[in-house]
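User: I have a model open and would like to talk through how it is put together. Could you walk me through it?

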Amino acid sequence: MNPSSEARPARLAVGVVGAGRVGPALAAALQLAGHRPVAVSGVSDASRRRAAELLPGVPLVPPAQVLERAELVLLTVPDDALPGLVEGLAETGAVRPGQLLVHTSGRYGTAVLDPARRAGALPLALHPAMTFTGTGVDVQRLAGCSFGVTAPDELRLAAEALVIEMGGEPEWIEEAARPLYHAALALGANHLVTLVAQSMELLRQAGVGAPDRMLGPLLGAALDNALRSGDAALTGPVARGDAGTVAAHVAELRKHAPATVAGYLAMARTTADRALAHGLLKPELAEDLLGVLAEGDTGR
């Protein structure tokens, strides 16, 4: 195979280093596209279970043996572990010339793979913008999932083709923009989980028996509106300038869930700033609102 000249990669022997939630799902998706998983590495019991469920019959071997057997290697380890893993594989001679080496970190582009590139590997950064469960449902969810793609120009077509074969949509991200790209995803997805979990806890304290069922339609509509309209979708007491309601919220949170106050105040200030900038919050109402938020910081 010559990845620089083919838009559709040839059928490849696929290996996975790091059987976390991501690697086995991507390998299973590549298998559905006709590629052949040949080896996977994993240490924990959970990793072994995931590999057995998503890649049945694929042998579990050490990382060096994964590279020995595979033409396309998925490095699906935590971000902080990736540089050391790449350096170690390159230093021990595990990397083979012409081998496609793919990492799935959102934080890094292809520079982190430079030690392997110097050993002859072909570096690709393919980050699926999705949360993973470590189960078969992840393979289905890859359909239509955006991937942040970074690769040398000569490998761009091969990188995009692999994403498409996994059911995803390639989105080109320049090397220098990878940290900002990843921060943007974390700001939205990771913090959303925290906000939803806090909201459900507070609803339970308020006596709601099924907070998930109550929040589902509300949050679904809010997300859809936000994706369609951005800041124009802002609503609620902060965007309306209802300072009294916001003051009551802060008082109740301080009484029943003090750990949530700082987050509420920070998000309320950000919401107020964006509502003001987009003409949704009237300036004459903003002064009282911002005063309430400032008092909330002091605990009064």
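Analyst: Gladly, with the reminder that this is a predicted model. A good place to begin is the open sheet, in which seven strands are arranged in the order β2-β1-β3-β4-β5-β6-β7 with mixed pairing. The edges are taken by β2 (36-41) and β7 (169-172), and each of these has a single partner strand, so one side of each is left without a neighbour in the sheet. Averaged over the sheet and with direction ignored, neighbouring strands are turned by 25 degrees against each other.

User: How do β3 and β4 run relative to each other, parallel or antiparallel, and how many bridges join them?

Analyst: Strand β3 (residues 72-75) and strand β4 (residues 100-103) run parallel, and four bridges join them. To pick out one position, L72 has L100 in β4 as its bridge partner.

User: OK, zooming out. What's the overall make-up of the chain?

Analyst: The protein chain contains 13 helices and seven strands, and its C-alpha atoms fill a box of roughly 65 × 40 × 30 Å when this is taken along the principal axes. Of the 300 residues, 42% are buried. If one considers the contacts with a separation of 6 or more, 61% of them are accounted for by residues 24 or more positions apart.

User: Which residues of α1 are buried?

Analyst: The buried residues in α1 are G23, P24, A25, L26, A27, A28, A29 and L30. Since that is eight of the 10 residues of the helix (residues 23-32), α1 is largely enclosed by the rest of the structure. Just after α1 comes G34, which takes a positive phi of about 110 degrees.

User: Switching to helix packing: at what angle do α8 and α9 pack?

Analyst: Helix α8 (residues 178-205) packs with helix α9 (residues 211-229) at an angle of about 130 degrees, and their axes are 9 Å apart. The two helices are therefore oblique to each other, and their crossing is right-handed.

User: Which residues make that contact?

Analyst: From α8 the contact involves V196, S199, M200, L203 and R204, while α9 contributes P211, D212, M214, L215 and L219. By type, the residues in this contact of α8 with α9 divide into seven nonpolar, one polar and two charged.

User: And what about α11 and α12, how do their axes cross?

Analyst: The axes of helix α11 (residues 243-256) and α12 come within 9 Å and cross at roughly 160 degrees. An angle over 145 degrees counts as roughly antiparallel, and α11 and α12 are therefore described in that way. The crossing in which α11 passes α12 is right-handed. On the α11 side the contact is made by V246, H249, V250, L253 and R254, and on the α12 side by V261, Y264 and L265. The residues of this contact divide into six nonpolar, one polar and one charged.

User: While we're there, T271 caught my eye. Where does it sit?

Analyst: T271 lies in helix α12 (residues 261-277).

User: Why is T271 classed as buried?

Analyst: Its relative accessible area is 18%, and a residue counts as buried when that value is under 20%.

User: Which residues does T271 touch?

Analyst: Leaving aside residues up to four places away in sequence, T271 touches L234 and V238.

Notes: Residues are numbered from 1 along each chain as its sequence is written. This is a predicted model: local features need pLDDT of at least 70, side-chain atom pairs count only at pLDDT 80 or more; totals for chains, interfaces and linings use all residues. Side-chain values use heavy atoms; hydrogens and water are left out. Two strands pair if DSSP finds at least two bridges between them. Axes are lines fitted to C-alpha atoms, for helices over the stretch in contact, and angles run from 0 to 180 degrees between N-to-C directions. Buried means under 20% relative accessible area, exposed over 50%, partly exposed in between (1.4 Å probe, protein chains only). Angles under 35 degrees count as roughly parallel, over 145 as roughly antiparallel, 65 to 115 as roughly perpendicular and the rest as oblique. A crossing is left-handed if the near helix is turned anticlockwise from the far one by less than a right angle, and right-handed if clockwise. Contact means heavy atoms within 4.5 Å. Ala, Val, Leu, Ile, Met, Phe, Trp, Tyr, Cys and Pro count as nonpolar, Asp, Glu, Lys and Arg as charged, and the others, Gly among them, as polar.
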